[in-house]
Amino acid sequence: MKRNAVWVFVILLVISMLAACGSGDAKETAQGEKESNKDSVLSRIEESKELNVAFEGTYPPFNFIDDNDKYQGFDVDISNEIAERLGVKANFIATKWDGLIGGLKADKFDIIIGQMTVTEERKKSVDFTDPYVITGSVLVTREDTNDITKLEDIKGKKVGVGGGTTFEEVANSVDGAEVKLYKAVGDYIQDLTNKRLDVIINDQLLISYNIKEQGLPIKIASDILNKDEIGMAVNKGNEDFIEKVNVALGEMKEDGTYDEIYKKWFGTEPLAN
């Protein structure tokens, strides 16, 4: 009888320990899920009532600092409108282009709204919202240049593009093109006008704006080389936040707010998807 009592005691003790372990695991899982939810972008902005938006800040007419040291541009207006529809305030953080995705992944900001083309390579690192701009790259030359009108014409030419952009990929697709990489678009526009480059490749909206605003002695020399879909980049694992941004963007397009912002900066109708 005593031996049986001992075995019963041992069995009960083991059951009790297993139950305690299971409870502990459950608590740890629940705590982990709680911390994960707390760290999500949506939870963070709902708690802080702020949306931290990153872009270069030196890319007019999309994002730039005006004479009053305030951020202006198409991206700024889009960001402010989305933030308002989410019930939060937009804060802007200027970061060099090649540091945008790294900063996003390090949680230095919540979203990139800075003319980032959606590519399969970038989708390996971040998720994108629905496109908020449809545009395309073009060849840009000096006004007196007449022998560069299509992509294959850049063979043997000095070509300026932004490093790490889709424009770099377009330029490198032509064998024999002498591609030079830049960090700021203003630098390679200047090198083009000063005859240190033969041609540059950039976005047709940006170039049209700069020619009009600054009276630059350059011209768009080609049709659109490739159509780019521009999206807003968000860290992976934030589908709920992306869904809310997509809803806000869709509402902007339905009620005409998006078209108003687009025409304000570009003076034309948006390209169709």
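These legends walk you through several close-up views of a predicted model.

Residues are numbered from 1 along each chain as its sequence is written, and side-chain values use heavy atoms, with hydrogens and water left out. Because the model is predicted, local features need pLDDT of at least 70 and side-chain atom pairs count only at pLDDT 80 or more, while totals for chains, interfaces and linings use all residues.

**View 1. A patch of negative charge lies on the surface.** Look here for Glu46, Glu239, Asp240 and Glu243, which gather in this patch. Asp and Glu count as negative, Lys and Arg as positive, and His and the chain ends are not counted. A patch is made of residues with over 30% relative accessible area and no salt bridge; like charges are joined within 9 Å, and nonpolar side chains (Val, Leu, Ile, Met, Phe, Trp, Tyr) within 5 Å. The place of a charge is taken as NZ of Lys, CZ of Arg, CG of Asp or CD of Glu. Helix 8 (residues 239-254) gives the largest share of the patch, three residues. Helices (H or I, at least four residues) and strands (E, at least two) are DSSP runs, numbered from the N terminus.

**View 2. Glu243 and Lys244 sit on helix 8.** Glu243 belongs to this helix, and so does Lys244. Glu243 counts as exposed because its relative accessibility is 54%, whereas Lys244, at 40%, is partly exposed. Here buried means under 20% relative accessible area, exposed means over 50%, and partly exposed is in between (1.4 Å probe, protein chains only). The areas come from the Shrake-Rupley method with a 1.4 Å probe, and for residues only the protein chains shown count as cover. Now find Arg85: along the sequence Lys244 and Arg85 are 159 residues apart, yet in space their C-alpha atoms are 9.3 Å apart.

**View 3. Strand 6 is largely enclosed by the rest of the structure.** Seven of the seven residues in this strand (residues 111-117) are buried, and that is why it counts as largely enclosed. Strand 6 pairs with strand 1 (residues 50-55) in the parallel sense, over two bridges. Two strands pair if DSSP finds at least two bridges between them. You can spot this pairing where Ala54 stands opposite Ile112 of strand 6. Strand 6 also runs antiparallel to strand 13 (residues 226-235), and three bridges join the two. There, Thr117 has Ile230 of strand 13 as its bridge partner.

**View 4. Three strands form an open sheet.** The strand order is 2-3-4, and the pairing is antiparallel. Strand 2 (58-59) and strand 4 (71-72) are the edge strands, each pairing on one side only. Two bridges hold the antiparallel pairing of strand 2 with strand 3 (residues 63-65). Across that pairing, Thr58 stands opposite Phe64 of strand 3.

**View 5. Strands 9 and 10 run parallel.** Strand 9 (residues 158-162) and strand 10 (residues 178-182) are joined by five bridges. Gly162 has Tyr182 of strand 10 as its bridge partner. Strand 9 is mostly covered, as four of its five residues are buried.

**View 6. A salt bridge joins Arg44 and Asp110.** A salt bridge is a side-chain nitrogen of Lys or Arg within 4 Å of a carboxyl oxygen of Asp or Glu, and the structure holds 15 of them. In this one, the closest N and O atoms are 2.8 Å apart. Arg44 lies in helix 2 (residues 41-48) and Asp110 in the loop between helix 4 (100-105) and strand 6, so the pair ties together parts that are 66 residues apart in sequence. Arg44 is partly exposed at 24% relative accessibility, while Asp110 is buried at 3%.

**View 7. Asp77 and Lys264 meet in another salt bridge.** Their N to O distance is 2.9 Å. This pair links distant parts of the chain, 187 residues apart: Asp77 is in helix 3 (residues 74-86) and Lys264 in helix 9 (residues 257-266). Asp77 counts as buried at 16% relative accessibility, but Lys264 is exposed at 54%.

**View 8. Lys123 and Glu120 form a salt bridge.** The closest N and O atoms of this pair are 3.3 Å apart. Lys123 is partly exposed, with a relative accessible area of 37%, and Glu120 is exposed, with 59%. Elsewhere, Glu81, Arg85, Glu251 and Asp255 are joined into one network by salt bridges that share partners.
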